[in-house]
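Biologist: Before we discuss any labels, could you show me the structure and then explain how each label is earned?

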Amino acid sequence: MSQGINVRGYLSQQELRNAPGYPSQERLARGPIVAIECIEEIPCNPCEQACPQHAIIIGKPITNRPYLDEDKCIGCGLCIPQCPGQAILLIDLTYSQGAASVAFPYEYLPLPKEGQTVRAVNRAGESVCSGTVIKVQNPKKNDQTPVVTVAVQRKYATEVRGILRSRGRESG
Amino acid sequence: MREVDLSIVGAGPAGLAAAIEGAKRGCSTVALDMNPRPGGQLIKQIHKFFGSREHHAGTRGIEIADTLLHEAESAGVEVLIGAEVYAIHDSILEVAQTFGGDSPPPLSGGATTSQSRPLSIEARQIVLATGGAENALNFPGWTLPGVMGAGAAQTMSNVWRVLPGERVLMVGAGNVGLIVSYQLLQAGAEIVAVIEAAPRIGGYGVHAAKIRRAGVPILTSHTVVRASGESRVEQAVIVKVDASWGTVPGSEEELDVDTICIAVGLRPNARLASLAGCKFDYSPSLGGWVPIHNTRMHTTVPGIYLAGDLSGIEEASTALEEGRLAGICAASSLSKGHVGDSEEIEAIEERLLSLRSGPFCQRLQDAKQKLIEIGEAQCPKE
Ligand code: SF4
Ligand code: SF4
């Protein structure tokens with residue numbers, strides 16, 4: 001694991017494959033599901049309490065890693081803003097012909113606008129493809145953690161982890 | 001001279017929790033805090049907390065501070081702000097109150113002694129919850145304006161809404177370095193790099209991942225060797241560190257930055273505990289010199305308890321639990337305990353144990369265990 005999360009700061013492919021919260025290829029192909037990129041034994045469990053379907057299991061002790069019951073997850077996305085580690089994203093490989101959608105927490109200003117074309121970035125912050133913002137959700141229960149959904153070419157869907165921040169400050 | 005049952009020094013999560021438990025049990029309780037706003041570090045923690053529901057997980061620190069203050073108020077705790085305890089002898093606290101009550105805090109945010117009011121408080125029991133202090137790092141140029149503790153940068157940005165700089169080098173990839181980097185990004189600064197002398201990132205992977213995907217490089221096995229600039233930081237020189245902590249010749253790299261934040265750990269802020277005569281033990285895993293205490297958070301000095309980072313650098317969640325424990329035990333030593341307190345204490349101990357489980361906390365848990373064992377032998381029993 002010399003090139004893994006605690007050296008590079010992001011998960012390697014191998015770490016992702018072994019993560020108990022990462023869905024299988026078969027399940028991903030069937031439609032929207034979350035990917036929980038949280039693999040260290042940290043004392044944390046709001047994700048477990050956030051899921052009305054009981055699809056996320058931590059149990060006791062609280063340092064257990066989140067396990068995803070991929071048959072129970074309906075892809076509602078409710079858990080995304082509740083995770084203090086911003087480790088949960090929602091992937092829908094069946095979004096449209098050729099395109100997939102990826103939803104992730106985004107706590108920066110200015111927020112992107114629906115319909116805007118953006119650059120999608122991977123776990124290392126490198127720009128990988130362009131994307132279209134299809135949803136920006138920030139209801140009160142998100143407690144200031146907006147969730148942004150972008151549509152990207154399907155082949156990039158499992159790499160995309162966010163969007164390039166716009167550096168310009170909002171005028172006015 | 002004011003007389004109270006219980007006086008708490010430091011109104012952060014540990015101190016407020018202790019004050020709430022004490023006051024709920026009928027102790028007349030005063031909580032003193034030297035800052036213009038109570039809440040300790042919580043008031044600058046704008047991120048959502050980890051932990052479980054009992055520890056307000058998923059809630060932002062600043063909201064936890066509001067909840068605690070509200071609880072303290074309704075329990076009847078008197079919170080004095082701008083109140084700096086400068087001496088402690090027999091069970092008397094000598095306090096300089098620089099503002100508070102009806103007078104507004106000074107604009108500088110600091111103490112102005114000419115205006116301070118002296119106050120003596122005799123407390124039957126005392127809980128010290130003075131928190132932690134940031135460690136410094138010395139290198140040529142470290143006194144230039146622009147070099148500051150990561151906690152200081154966080155206070156500037158999140159409490160006073162002043163961006164400390166535009167281009168920041170963060171030194172230290174523990175949770176503090178990672179979280180403050182993220183918050184400075186949110187505030188509009190650029191984090192040029194986060195460097196870490198150890199070969200591994202010390203903080204949680206999820207915090208590291210957050211700033212990595214925002215494009216911030218994290219360089220392990222790197223340290224800062226020099227800062228330069230005319231009247232403030234303009235450049236930082238970083239260098240690779242080898243396996244034996246030596247610098248690698250020829251690996252120097254110059255970065256254009258206007259701010260260098262130091263996040264190389266915290267230590268217990270123990271000056272008052274030392275003045276009070278508490279005995280100490282040295283424990284690197286807990287942050288350095290730590291006052292010895294037993295399972296009931298009692299120090300080696302009769303009538304003086306402690307809680308939170310003062311008893312070893314940990315998290316706000318553990319500080320809350322230790323504070324509760326100290327408050328309950330201090331009240332019970334005044335025969336003001338509630339029925340059911342022993343079950344309550346057991347429940348707290350269980351939660352503390354679970355918070356300290358897992359690989360991130362193993363060393364800390366062992367160190368705490370050792371400190372408490374010493375405490376069981378040396379601290380007075382009620
Ligand atoms: S997306 Fe919905 S169903 Fe799936 S884990 Fe999250 S909260 Fe549960
Ligand atoms: S809430 Fe997020 S950080 Fe916490 S355990 Fe769940 S996935 Fe991990």
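Modeller: Let us start with a pair of facing residues in this predicted model: Asp281(B) stands opposite Val290(B), which belongs to E18(B). The strands concerned are strand E17 (residues 280–283) and strand E18 (residues 288–291) of chain B, which run antiparallel and are joined by 4 bridges.

Biologist: How do you know that E17(B) and E18(B) count as a pair?

Modeller: Two strands pair if at least two bridges are found between them. E17(B) and E18(B) are joined by 4 bridges, so they meet that condition. Their hairpin has 4 residues between the strands, and in it Gly287(B) takes a positive phi near 110°.

Biologist: What makes the phi of Ser221(B) worth pointing out?

Modeller: Most residues other than glycine have a negative phi. Ser221(B) is not a glycine, yet its phi is positive, at about 55°; this residue is found in the loop between strand E11 (218–220) and strand E12 (222–228) of chain B. Met297(B), also a residue other than glycine, has a positive phi near 65°, and its place is the loop between E18 and strand E19 (304–306) of chain B.

Biologist: Is Met297(B) called buried or exposed, and why?

Modeller: Buried means under 20% relative accessible area. Met297(B) has 3% relative accessibility, and therefore it counts as buried.

Biologist: Why is Gly141(B) called partly exposed?

Modeller: The term covers values between the buried limit of under 20% and the exposed limit of over 50%. Gly141(B) has a relative accessible area of 23%, so it is partly exposed. Gly141(B) lies in the loop between strand E7 (132–134) and strand E8 (147–149) of chain B; from C-alpha to C-alpha, Gly141(B) and Gly229(B) are 8.3 Å apart in space, although 88 residues separate them in sequence.

Biologist: What makes Glu254(B) exposed?

Modeller: The relative accessibility of Glu254(B) is 55%, and because exposed means over 50%, the residue earns that label. Glu254(B) is found in strand E14 (residues 253–256) of chain B, and together with Glu230(B), Glu234(B) and Asp256(B) it forms a negative surface patch.

Biologist: Why is that patch called negative?

Modeller: Asp and Glu count as negative, and the patch is formed by Glu230(B), Glu234(B), Glu254(B) and Asp256(B), so the name follows from its members.

Biologist: How do you know that strand E1 of chain B is mostly covered?

Modeller: Strand E1 (residues 2–9) of chain B has 8 residues, of which 6 are buried. E1(B) is joined to strand E6 (residues 117–128) of chain B by 7 bridges, in parallel, and Ile8(B) has Val127(B) as its bridge partner in E6(B). E1(B) also runs parallel to strand E2 (residues 29–32) of chain B, with 4 bridges between them, and there Val9(B) has Leu32(B) as its bridge partner.

Biologist: What makes E1 and E9 the edge strands in the sheet of chain A?

Modeller: That open sheet has 7 strands in the order E1-E4-E5-E8-E7-E6-E9, with antiparallel pairing. Strand E1 (33–36) and strand E9 (162–163) of chain A each pair on one side only, and they are the edge strands.

Biologist: What is the peptide bond from Lys60(A) to Pro61(A), cis or trans?

Modeller: Most peptide bonds are trans. The bond from Lys60(A) to Pro61(A) is cis, with omega near -5°, and Pro61(A) is found in the loop between strand E2 (56–57) and strand E3 (67–68) of chain A.

Note on methods: Residues are numbered from 1 along each chain as its sequence is written. Chains are lettered from A and ligands numbered from 1 in the order in which they are written. This is a predicted model: local features need pLDDT of at least 70, side-chain atom pairs count only at pLDDT 80 or more; totals for chains, interfaces and linings use all residues. Side-chain values use heavy atoms; hydrogens and water are left out. Patches are made of residues with over 30% relative accessible area and no salt bridge: like charges are joined within 9 Å, nonpolar side chains (Val, Leu, Ile, Met, Phe, Trp, Tyr) within 5 Å. Accessible areas come from the Shrake-Rupley method with a 1.4 Å probe; for residues, only the protein chains shown count as cover. A salt bridge is a side-chain nitrogen of Lys or Arg within 4 Å of a carboxyl oxygen of Asp or Glu. The place of a charge is taken as NZ of Lys, CZ of Arg, CG of Asp or CD of Glu. Helices (H or I, at least four residues) and strands (E, at least two) are DSSP runs, numbered from the N terminus. Buried means under 20% relative accessible area, exposed over 50%, partly exposed in between (1.4 Å probe, protein chains only).
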